[in-house]
Each structure stands twice: as structure tokens, then as C-alpha cells.
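Thanks for coming. Please have a look at the sequence and the model on the screen, and then I will go through a few places in it.

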Amino acid sequence: MNKLLSLILAMALLCASIPAFAEETPAHVLVVYFSHAGENNNVGVIEEGNTSKMGKIIAEQLGADVFELVPVVPYPEDYDSCLDIATEEQRTDARPEYEGGIENWDQYDTVFIGYPIWWGEIPNIVCTFMEAYDFTGKTVIPFNTHEGSGQAHSQRDIEGLLTGATVLKGLAVRGSKAQSDADGTGTDVANWLKQIGLAQ
Ligand SMILES: Cc1cc2nc3c(=O)[nH]c(=O)nc-3n(C[C@H](O)[C@H](O)[C@H](O)COP(=O)(O)O)c2cc1C
């Protein structure tokens, strides 16, 4: 009888420990993005940026961790003012700072990098991030939102900057779609993840 009780107790302990173990398994995929809430092209005034919505869909489908590049000096809500600041940042090749940093960088072998296209370019704050970490040996996947430029030349720029990484083909989604069509964006993301071999 004692043996039976011990066996039942051991089984119960084992079952209880399995979910705990699953929860503690660290993610190896990280989704990093910059996104601007407030007034934006074709979407009005939004509470959450378009790229943020897309980034969270990617993270949800892959069970990835998320790190948002939150500017130390916030960008203005007003669209025209934001255009002016982006122009100035590009002119001066600025490196705007963001809040905090990524803990356990070595834990991630795959890093998604997300951004809106700003004047045909990757926003400068994303360059701040890309220059701050060692991407050697990592797999990097760009993703972005836009209102007509697609990826622009951002794929090529990231490949040129992160030479130690393997850069897979990125995905560009219209910002207005990412903002208001979660199902359609989710389907685009799922198909793309299959194409690049990160989902079945
Ligand atoms: C400063 C600025 C510059 C932009 N330049 C472009 C551009 O060159 N090409 C384009 O297609 N969209 C451009 N857009 C539109 C954004 O790329 C688009 O609205 C994007 O979805 C915004 O994403 P977010 O909400 O994550 O910031 C620009 C928007 C801003 C604010």
C-alpha cells in the first residue's frame, strides 16, 4: 500500500512539474520593433502603431519575446511634425536613444526587426539598436509597414549593416492593413513564415 501511495505521489509531482518546465523554457526568437502611435498616414489618430500590431502578430504565431524600441524623447503625435523630425534625423544621421535594453541577448538565435518606412528609409532609432548589439551568428528577419514604398531598400540596408548575420527575406505590409485587418495580416504573416521556413 505504501508503495502504491509513493507511486501516486511521484506521478502527481511529475505531472505538476511539466507545465512549470514548459513555462520556463526560454524563447529563442525575439521580435524587436519601433512603431509610432498618434496621427499617421491613412489611419487617422491611432493608439497603437501599425508596426507594433504586426510585430505582436509575429510574436504570437512563434511564441517569441518582444522588445519595443521606445524613444527616450517621444516623437510628436502630430503627423507633419513627425515628418519634420524624421527629415532632420536623416539629414544629421542621428542615433536617437531608446528606453532600456535587451536582457539575455545571447538567448536569442533569431531576431525579427520591425519598423515603418520613413522617407524611404529605416527610422534612425532602429539603426541605434542595430549598432548596439552583436548579430554574429544570428538569423535576422526584417518586417515593416508602409503606405506605398513596400520594403523600399531596407532589406539591402540591413544585409549591408549586419554582415555577421544570416538575413532572411522580410515582409512588408500596408500600415492601414496592419492597423485594421488583424486576420488578413495574420494570414500574410503565417504564409511568409512558412516560405522562410520558420513555420509549417
Ligand atoms: C516620418 C514619416 C515618413 C514616412 N515616409 C514614408 C515613405 O517614405 N513611404 C511610405 O510608404 N510610407 C511612409 N510613411 C508612412 C508609414 O510608413 C506608415 O504609415 C507606417 O505604417 C507607420 O507605421 P507605425 O504606425 O508603426 O509607425 C511615413 C510616415 C512617417 C510618420
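Before the first residue, a word on terms: when I say two residues are in contact, I mean that they have heavy atoms within 4.5 Å. Also keep in mind that this is a predicted model.

I will start with Asp109. This residue sits in the loop between H3 and E5. Is Asp109 buried or exposed, or something in between? Its relative accessibility is 38%, so it counts as partly exposed. Setting aside neighbours within four places in sequence, Asp109 is in contact with His28, Lys138 and Thr139. With His28 there is a polar contact between the side chains, at 2.8 Å. One distance to add: Asp109 and Thr136 are 27 residues apart along the chain, and their C-alpha atoms are separated by 9.7 Å.

Next, the interior. The largest nonpolar core has 29 residues, and those with the most contacts inside it are Ile102, Ile113, Val126, Phe129 and Phe135. Two or more residues each come from strand E1 (29–33), H3, strand E5 (110–116) and H4. Which element gives the most to this core? That is H4, with four residues.

Take Ile113 as an example from this core. Not counting residues up to four places away in sequence, Ile113 touches ten residues that I can list: Val32, Val126, Phe129, Met130, Phe135, Val140, Ile141, Pro142, Phe143 and Leu162. Apart from the largest core lies another one, of 18 residues, and Ile58, Ala59, Ala64 and Ile141 are among them.

Now H4 itself. This helix is mostly covered, with seven of its nine residues buried. The buried ones are Asn124, Ile125, Val126, Cys127, Thr128, Phe129 and Met130. What covers them includes E1, H3, E5 and H5.

On to the pockets. The largest has a volume of about 440 Å³. Of the 22 residues that line it, Asn40, Asn41, Tyr79, Ile117 and Trp118 are the closest to its centre. Helix H2 (50–62), helix H3 (79–92) and strand E6 (139–146) are the elements that give two or more residues to this lining. H3 supplies the largest share, four residues. By class, the lining of the largest pocket has 13 polar residues, eight nonpolar and one charged.

The second largest pocket has a volume of about 200 Å³. Its lining includes Gln90, Asp93, Arg95, Glu121 and Ile122, and also Asn124, Cys127, Met130, Glu131, Asp157 and Leu161. Helix H4 (124–132) and helix H5 (154–161) each give two or more residues here, and the largest share, four residues, comes from H4. What classes make up this second lining? There are five charged residues, four nonpolar and two polar.

The last stop is Asn50, in helix H2. Why does Asn50 count as buried? The reason is its relative accessibility of 7%, as buried means under 20%. The side chain of Asn50 makes a polar contact of 2.6 Å with the side chain of Gln179. Leaving out residues up to four places away in sequence, what Asn50 touches includes Ser35, Asn40, Val43 and Thr145. Gly175, Ser176, Ala178 and Gln179 are also touched by Asn50.

To close, back to H4: this helix gives the most to the largest core, and the largest share of the lining of the second largest pocket also comes from H4. That is what I had.

Terms used:
Residues numbered from 1 in each chain as written. Predicted model: local features only at pLDDT ≥ 70, side-chain atom pairs only at ≥ 80, totals over all residues. Heavy atoms only, no water. 1 Å grid on protein atoms, 1.4 Å probe; cavity = no way out; pocket = protein on both sides within 12 Å on 5 of 7 lines; lining within 4 Å. Points joined across faces, edges and corners; volume = space filled by probe spheres on them. Nonpolar A, V, L, I, M, F, W, Y, C, P; charged D, E, K, R; others polar. Buried < 20%, exposed > 50% of the residue type's maximum accessible area, 1.4 Å probe, protein only. Polar contact = N/O pair within 3.5 Å; in protein donor to acceptor, adjacent residues only side chain to side chain. Core = buried A, V, L, I, M, F, W, Y, C linked by side-chain atoms within 4.5 Å.
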